[in-house]
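Visitor: I'm at home at the bench, but less so with a model on the screen. Could you walk me through how to read one?

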Amino acid sequence: ECVVPFLTRPKVPVLQLDSGNYLFSTSAICRYFFLLSGWEQDDLTNQWLEWEATELQPALSAALYYLVVQGKKGEDVLGPIRRALTYIDHNLSRRSCPFLAGETESLADIVLWGALYPLLQDPAYLPEELGALHSWFQTLSSQEPCQRAAEMVLKQQGVLALRPYLQKQPHPSSFEGGAVSNEPEEEELATLSEEEIAMAVSAWEQGLGSIPPLRPQQNPVLPVAGERNVLITSALPYVNNVPHLGNIIGCVLSADVFARYSRLRQWNTLYLCGTDEYGTATETKAMEEGLTPQEICDKYHAIHANIYRWFNISFDIFGRTTTPQQTKITQDIFQRLLTRGFVFQDTMEQLRCEHCARFLADRFVEGVCPFCGYEEARGDQCDKCGKLINAIELKKPQCKVCRSCPVVKSSQHLFLDLPKLEKRLEEWLGKTLPGSDWTPNARFIIRSWLRDGLKPRCITRDLKWGTPVPLEGFEDKVFYVWFDATIGYVSITANYTDQWERWWKNPEQVNLYQFMAKDNVPFHGLVFPCSALGAEDNYTLVSHLIATEYLNYEDGKFSKSRGVGVFGDMAQDTGIPADIWRFYLLSIRPEGQDSAFSWTDMLLKNNSELLNNLGNFINRAGMFVSKFFGGCVPEMVLTSDDQRLLAHVTLELQHYHQLLEKVRIREALRSILTISRHGNQYIQVNEPWKRIKGSEADRQRAGTVTGLAVNIAALLSVMLQPYMPTVSATIQAQLQLPAPACSVLLTSFPCTLPAGHQIGTVSPLFQKLENDQIESLRQRFGGGQAKAPPTPVVVEATATAGPQQIQVLMDEVTKQGNIVRELKAQKADKNQVAAEVAKLLDLKKQLALAEGKPLETPKGKKKK
Amino acid sequence: MAAAAELKLLEKSLGLSKGNKYSAQGERQIPVLQTNNGPSLTGLTTIAAHLVKQANKEYLLGSTAEEKAIVQQWLEYRVTRVDGHSSKDDVRTLLKDLNSYLEDKVYLTGYNFTLADILLYYGLHRFVVDLTVQEKEKYLNVSRWFCHIQHHPGIRQHLSAVVFIKNRLYTNSH
């Protein structure tokens, strides 16, 4: 345990010298070897080694500790070390030297490479945008002595070889305090240059005149040459379910913020989305609800549209994929791929139920697991042993619909030859990725797919509900959803305007931003680009792929079947306004890492940030104008303190722009709150409510402070518009903000409410959320109860069961099935599992009894 | 003691007459020296080594490869372990380790006075002034070394002289 006799904490590596002395840090040891070989110490090397010891090591040990000991991934690991990596990168690129201390490698390179190698050998932790760091690291890593050293130390276990050592180190909590320094904004604010202040003052003085006229509304919106044309898509939600909050923040809401921001910048913007309606899942749902697939789609499309309307999502188009345009465009892309030799035929063996006269999708088959003998293995995976199963390998397979035994039939299918397209894809990525705003997780996912090599993908399915395949012998088949779902964006645009090709076949003029959760990255970043590149039709491909991580609910996952979590349609029943939901969801947007929805946190954020900070500032600013100055903005005579405040606000505004241009939505929201904090402080320090009762000079000062504050409130109302559109409009109505200033956001801060401007009636913007209110909501939505839900209601079934009862039973079966699966996944107690399985079998029996005739439309509402 | 003030002390003890200007960087107030003929230097030990060379007293950085490496080892120890660790427990561990290291040594490198002694003395001063008589006796080797360095000509300057009692009071603790 104790390596160096005089050091309490275990420390490796250590070098014991012949004299009996110890060197107990890597850099001292390396330095010693270099000194032995005749090297002379120099300032630059000393500086790098001191930086390594004081800055890099603490960050690096934190990152490695999170990765190796705590098993964290992604941004959790990269976060603490990003600043240090960027520092190295900047130094390398600024000096344009290949090595840290010049043209040849030196002690500094060896020490830093050795420190970083365990982490950076995983490309996930070597950010692509740090080009200079990248090539420096590659150069060193490819050298033979370095390779041998890495081999010897890490013993091919990668970073895990460090585990025994890291486990003995203290938790790097002391670092987290220092990690807050990734917010250097506040510090920078303290050091304003005279120039910055002068610029802020001159922008302020330009006033309303500096705001350009609004660009005219077009219908339809089409790209304009010479303008910035922004096409924004949000992942198409599956039609067969009600979206939960995670779905909403992951795509539509994030994309909405960006679309609204883009319009505030006067960029030519088109934002589209729609429901993804084809596929097995829809057919299943239709059967469950006793409707036709088309009816299901109509019903759920309306539900989706209503939810997004309530959340105030500013779609230009909210379409759907079951349209003739979808068929036309999908078939056209397919034909082009076919004639260019990127599609081939092959046979696949599949299970077919003769009784139902159809091939069975994986989720329609159940049987005995070929690996562990578990009786209720699904067609794709065994819930007991977790192994992936090929449906035809199931023993005693059963059709889940009619319970008869399916037979293995071979069936012809079409495959997209991705390996043939791989090279084009890589070329395109090579041009697109550098300098773009693809999120790190998207880059990582694409890279790992490419690393494993692309494989041919089957693009047809034996289904009815889908886009027909226009090829002889394939009349009974449709395209697999993942081939044609992403084409949905194109067809939805085509339903909006017959000039859709100006958006979709115009890569030179169009900037395509696609928003999604990370599970959708392969289809958008890989499959669709391959199809489009293979079609050779000049398609617009994604320029910025923005993928979020996952949002959890309290301590677990959202689960429709267990009734846990808040779903889109329920949010409106909580009595909490849509804008508050938007604000909270955006403030916890899973940007860079998973995050969790928490009722307590929502209450806290509403009461502290919205009510006490933002709402309080805007309300006070407006109230002072009404109460002290008769609703008329007073004269402002700026002192040097006021000018500094202008410059602070301007800096924060510019920061907001920088972040939103990079689609860092959650971080940009912080800038808004920072400005209102500055505003609150400003009012607090200057006390206009006291000065208004004082001398002439005091009264004038009160006027200046009030006028400046109310102008900051006006600026905030515009900055807030992408996040809280209704609140933004309310503030602007209260302040009677002149029209052009409402819808344009400049990068500077002009005075938009000049002296003499009459404001309207001011009233509070936010309401306090109370503890009991939140507590009752938490209980209603089942947060925190990870235990099994109450035992299902047993419904008496008779031979003449109505469709409603059958529906109830089906729901119960699904629900119970999930309970069983859940328990098994948790490796719960055997007796408990057996009891739940017995319940499930009993329910299934009842269902079988009840189902004597074909299903009809259930009249009652589905039971929750 | 702020890093810039410490570097001023060092300049004087090295006999450098013309003072340099230092600025501080970041929340940890890392010193930065703008040199006349090159890029700026950042970091306490980096600048200190630079000053030693400026004063033509290279011997303070060690004479053999081994000694040079040991000097740098203790300079690194100074900025990583002594700075920033101010909890009582940390200080105790630090003094305990040093006490055990110095058991058979006059100076940090053994027999030669170096930059490592100067900077470790400056770094430890704020802790040692607060030690009780009993603690000073407990970390006897540290006390002996510290007392020795503070009497080295030109090092202590305006820093308060710490009093050490020559005869032992707490013999039981040994």
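**Reading the model**

Guide: Let's begin with one side chain: Glu289(A) counts as buried, because its relative accessible area is 6%, under the 20% cut-off. Keep in mind that this is a predicted model.

Visitor: And which residue forms a salt bridge with Glu289(A)?

Guide: The general idea is that side chains of opposite charge can pair when their charged atoms come close. Here the partner is Lys299(A), with N and O 2.6 Å apart. The two sit ten residues apart, Lys299(A) in helix H13 (residues 293-310) and Glu289(A) in helix H12 (residues 280-289) of chain A.

Visitor: Is Lys299(A) buried, exposed or partly exposed?

Guide: Lys299(A) is partly exposed, at 37% relative accessibility. Its partner Glu289(A), as we saw, is buried.

Visitor: Let's try another pair. Where do Lys400(A) and Glu366(A) lie?

Guide: First the contact itself: their side chains meet in a salt bridge, 4.0 Å from N to O. Lys400(A) is in the loop between strand S10 (395-399) and strand S11 (407-416) of chain A, while Glu366(A) is in strand S8 (residues 365-368), so the salt bridge ties together parts 34 residues apart in sequence. As for burial, Lys400(A) is partly exposed with a relative accessible area of 31%, and Glu366(A) is buried at 8%.

Visitor: How many residues apart in sequence are the parts that Arg424(A) and Glu536(A) tie together?

Guide: The answer is 112 residues. Arg424(A) belongs to helix H15 (residues 418-432) of chain A, and Glu536(A) to the loop between helix H20 (521-535) and strand S16 (544-548). The closest N and O atoms of this salt bridge are 2.9 Å apart. Arg424(A) is partly exposed, at 30% relative accessible area, and Glu536(A) is also partly exposed, at 41%.

Visitor: What about salt bridges linked in a network? Which residues take part?

Guide: In this model, Asp332(A), Arg336(A), Glu501(A), Lys505(A) and Asp537(A) are linked that way. Over all chains, the structure holds 41 salt bridges.

Visitor: Let's zoom out. What does chain A look like in overall numbers?

Guide: Chain A has 32 helices and 18 strands. Of its 864 residues, 54% count as buried. Take the contacts in chain A with a separation of 6 or more: 76% of them come from residues 24 or more positions apart. The accessible surface of chain A is about 38,100 Å², and carbon and sulfur atoms account for 52% of that.

Visitor: And how many helices and strands does chain B have?

Guide: Chain B has seven helices and three strands, and from the N terminus on they run α-β-β-β-α-α-α-α-α-α. Among its 174 residues, 52% are buried. The share of contacts between residues 24 or more positions apart is 65%, again among those with a separation of 6 or more. Chain B exposes about 8,500 Å², with 51% supplied by carbon and sulfur atoms.

Visitor: How do I read the sheet in chain B? Is the pairing parallel or antiparallel?

Guide: In general, strands of a sheet pair through backbone hydrogen bonds, either parallel or antiparallel. In chain B, three strands make an open sheet in the order S1-S2-S3, and the pairing is antiparallel. Strand S1 (22-25) and strand S3 (41-42) are the edge strands of that sheet, each pairing on one side only.

Visitor: How many bridges join S1(B) and S2(B)?

Guide: Four bridges join them, and one place to look is Ser23(B), whose bridge partner in S2(B) is Val32(B). S1(B) and S2(B) form a hairpin with four residues between them, and Gly26(B) in the turn has a positive phi of about 70 degrees. On to the other pairing: strand S2 (residues 30-33) and S3 of chain B pair over two bridges, with Leu33(B) opposite Leu41(B) in S3(B).

Visitor: Which helices pack on that sheet?

Guide: Helix H1 (residues 3-13) of chain B packs on the sheet, touching S1 and S2, and its direction makes about 150 degrees with that of S1(B). Helix H2 (residues 44-54) of chain B packs on the sheet too, touching S1, S2 and S3, with about 35 degrees between its direction and that of S2(B).

Visitor: One last feature: which residues make the nonpolar surface patch of about 340 Å²?

Guide: Val133(B), Ile165(B), Leu169(B) and Tyr170(B) make that patch. To place one of them, Leu169(B) lies in the segment after helix H7 (140-150) of chain B.

Notes:
Residues numbered from 1 in each chain as written. Chains lettered and ligands numbered in written order. Predicted model: local features only at pLDDT ≥ 70, side-chain atom pairs only at ≥ 80, totals over all residues. Heavy atoms only, no water. Pairing = 2+ DSSP bridges. Contact = heavy atoms within 4.5 Å. Axes fitted to C-alpha atoms, helices over the stretch in contact; angles between N-to-C directions. Buried < 20%, exposed > 50% of the residue type's maximum accessible area, 1.4 Å probe, protein only. Areas by Shrake-Rupley, 256 points an atom, 1.4 Å probe, with all protein chains shown as cover. Patch = residues over 30% accessible without salt bridge, like charges linked within 9 Å, V, L, I, M, F, W, Y side chains within 5 Å.
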